[in-house]
Every structure is written in C-alpha cells, then in structure tokens.
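Colleague: I am new to this structure and would be grateful for a close look at a single part of it. Could you choose one place where two helices meet and describe it in a connected way?

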Amino acid sequence: MPWDVIKLNDGNVIPNIAFGTWTLGNGQTATDNVDQAISIGFTHVDTAQSYRNEAEAGVAIHESGLAREDIYITTKYSGLNGLDVETSIQNSLQNLGVKYVDLYLVHSPRLAVPDIPTIWAKMEKIKEAGYAKSIGVSNFEIDHLQTLLASAKIKPAANQILLHPYVIGRQAPLVRFCQENDIVVEAYSVLIPLTRRPGGPVEGPVNDISTRLDVKPEQVLLAWAKAKGAVVVTSSTKKERLEGYLTAGDIELTPEDINNIDNAGAAGARRMTARTVLKRVVTVVLIGAAVFGACGYLGIDVL
C-alpha cells in the first residue's frame, strides 16, 4: 500500500514519510528545498532547533498555501543556546510561524536535565497547553524509555531513531520494545548503506530486488523501513529523487526480501565491528612499539 498515516497512541495520526531538514543548512536554499518537497507531495516536514532552519521551513510552509491542518510539522527540543524546553517551544513556534506543532520531540536523552521524569513532565505541560498535539522523544534507548514510562502521565507518541540494515541487529530490541508499548518508531538515515557505506553486503539483495521490481535501490531501502512499521524521515535536494521516495510507498517487499536485507545488514555489521577491533589492535600495537622504541632510545629498561 502507498504512504499513508499511522495512528499514534494519543489518537492523532502521523504521515509515514517525512521530509527532513537536518542536512539542508539554512538560508534561501533551505527554504527552496522544503518548498520543492511540499510542491511534489510531502505533507510532513521534520526539523529541529539544532538544525537552525526552522524559520526557513516555516517560510516554505506558509508560501505553500496549504491550510495548517494539511501540513504535519515535527520539531525537536535540542537545548540550543542552553535554553530550557519551555522557552524553546515558544521560539520554535515563532520561527515556524505557527501556533502549534504536530509533534514535539526531546532530541536526545542527554537533554533530560536534571532527569528524564522532570523533562517529560515539562513536555506533558506543553501538550496540555496546546503547543504540541503530540509529544515524543528521539534517540532514546530501552532503559531511557523505561525510566520515562515509569513516571509518565502521557506516553511518548514516537521515538525517532537511527534505523538502517547495518544497525537493525542492535536496534531490533528497541523497535520491538516501542511496538510493545504502542510507541511509533521514526527512522532516520535509512539510506546510509547506499550513501555513506556503499559497496557493502546490503547492496547485493537491494540491487537484486530493485532489478526484479524495476525500481531504484534507494526506493527498496525506504520500502524496507516502511515494512518495519516505521515512519521514514528522509531528504534530498533533487526533485526526481524525492518523487522516487514518494512512489516507494507503493513497493511491496516479500518476507524473503526483508529477511535477505536483514541478513546482509547483520553480515555487514559484523564486518564493520571486526574492522573496528582490528584498527584498535593495530593502534595499540603501534603505540606500544613507539613507546618501546622511545624507551630503548633513552636507555630505559622496560622489562
């Protein structure tokens, strides 16, 4: 089925693909890129304090001519300039030029000062005041969520996390925990196996599937994330790529397709872990050799 909406635990709904502004920078180019995404059919714009382009996104949203209820806006409390969450939401609303956002997220558990229950109680007040229709978190692990849920009056509606085939092995328990607790998973950086780590094991099954279905490899990865039940947050400055991202919602992967991508991701993760360990061992050996050599030069007995 095509991209649609997912019902949140508070009764609201969220479009299950979003245009993210993380990598856009600021200025007129950022506004133009958000405008382009909206013009071809994106109805969910994801931004954050720390991206420093809320205002640019806001201009594009207003210039689109869409009614407020026809565009879904997510932004995040990032602790920018050391400001507290109460001040930050007001600044975000002003930057975006709106009276409320649809989803407001705590960008990271490290922002939970002095602790998670305290920051979440403040988020609950923001929702109760009508400044955000839904509230959630980003980059929270299972232990963070357990701490939050133990004191929460309002459940987080979503948890936005890093999710792509090379991390699905370690993220699977978190995804499962969110699903069991009716917290929607939002996935960012889904395309990393193609954009940042090309040539890895994932490319094999992805390319096979893209050939069989006559679609682009990036569309296969987006369909993979959708099949995991996630809201996909993605971005591009190229119109044709964005159009392809939207049509990826029509791609139906088989259970075998998903399993093959998962297995390739696990193989790639093991390979990357082994490479990291090897680099650390080599570094330690080189440092040791350098120290031994220096001691010998200075006439110091190291035995």
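Modeller: The following account concerns the contact of helix 9 with helix 10, and then the salt bridges. The model is a predicted one. Helix 9 spans residues 217-227 and helix 10 spans residues 239-247; their axes lie 9 Å apart and form an angle of about 40°. Because an angle between 35 and 65 degrees falls outside the parallel and perpendicular ranges, helix 9 is oblique to helix 10. The crossing of these two helices is right-handed.

On the side of helix 9, the residues in contact are E218, Q219 and L222, and they meet R241, G244, Y245 and T247 of helix 10. Sorted by class, this contact has two nonpolar, three polar and two charged residues.

Side chains of opposite charge can pair when their charged atoms come close. Here E218 and R241 form a salt bridge, with 3.1 Å from N to O. This pair joins helix 9 to helix 10 across 23 residues of the chain. E218 counts as buried because its relative accessibility is 14%, under the 20% limit. R241, in contrast, is partly exposed, at 34% relative accessible area.

The model has seven salt bridges in total. Another of them joins the side chains of K76 and D46, at 2.5 Å from N to O. K76 belongs to strand 5 (residues 72-77) and D46 to strand 4 (residues 44-46), 30 residues apart. K76 is buried at 0% relative accessibility, and D46 is buried at 1%.

Terms used:
Residues numbered from 1 in each chain as written. Predicted model: local features only at pLDDT ≥ 70, side-chain atom pairs only at ≥ 80, totals over all residues. Heavy atoms only, no water. Axes fitted to C-alpha atoms, helices over the stretch in contact; angles between N-to-C directions. Helix = DSSP H or I, 4+ residues; strand = E, 2+ residues; numbered from the N terminus. Parallel < 35°, antiparallel > 145°, perpendicular 65-115°, else oblique. Left-handed = near helix turned anticlockwise from the far one by under 90°. Contact = heavy atoms within 4.5 Å. Nonpolar A, V, L, I, M, F, W, Y, C, P; charged D, E, K, R; others polar. Salt bridge = Lys/Arg side-chain N within 4 Å of Asp/Glu carboxyl O. Buried < 20%, exposed > 50% of the residue type's maximum accessible area, 1.4 Å probe, protein only.
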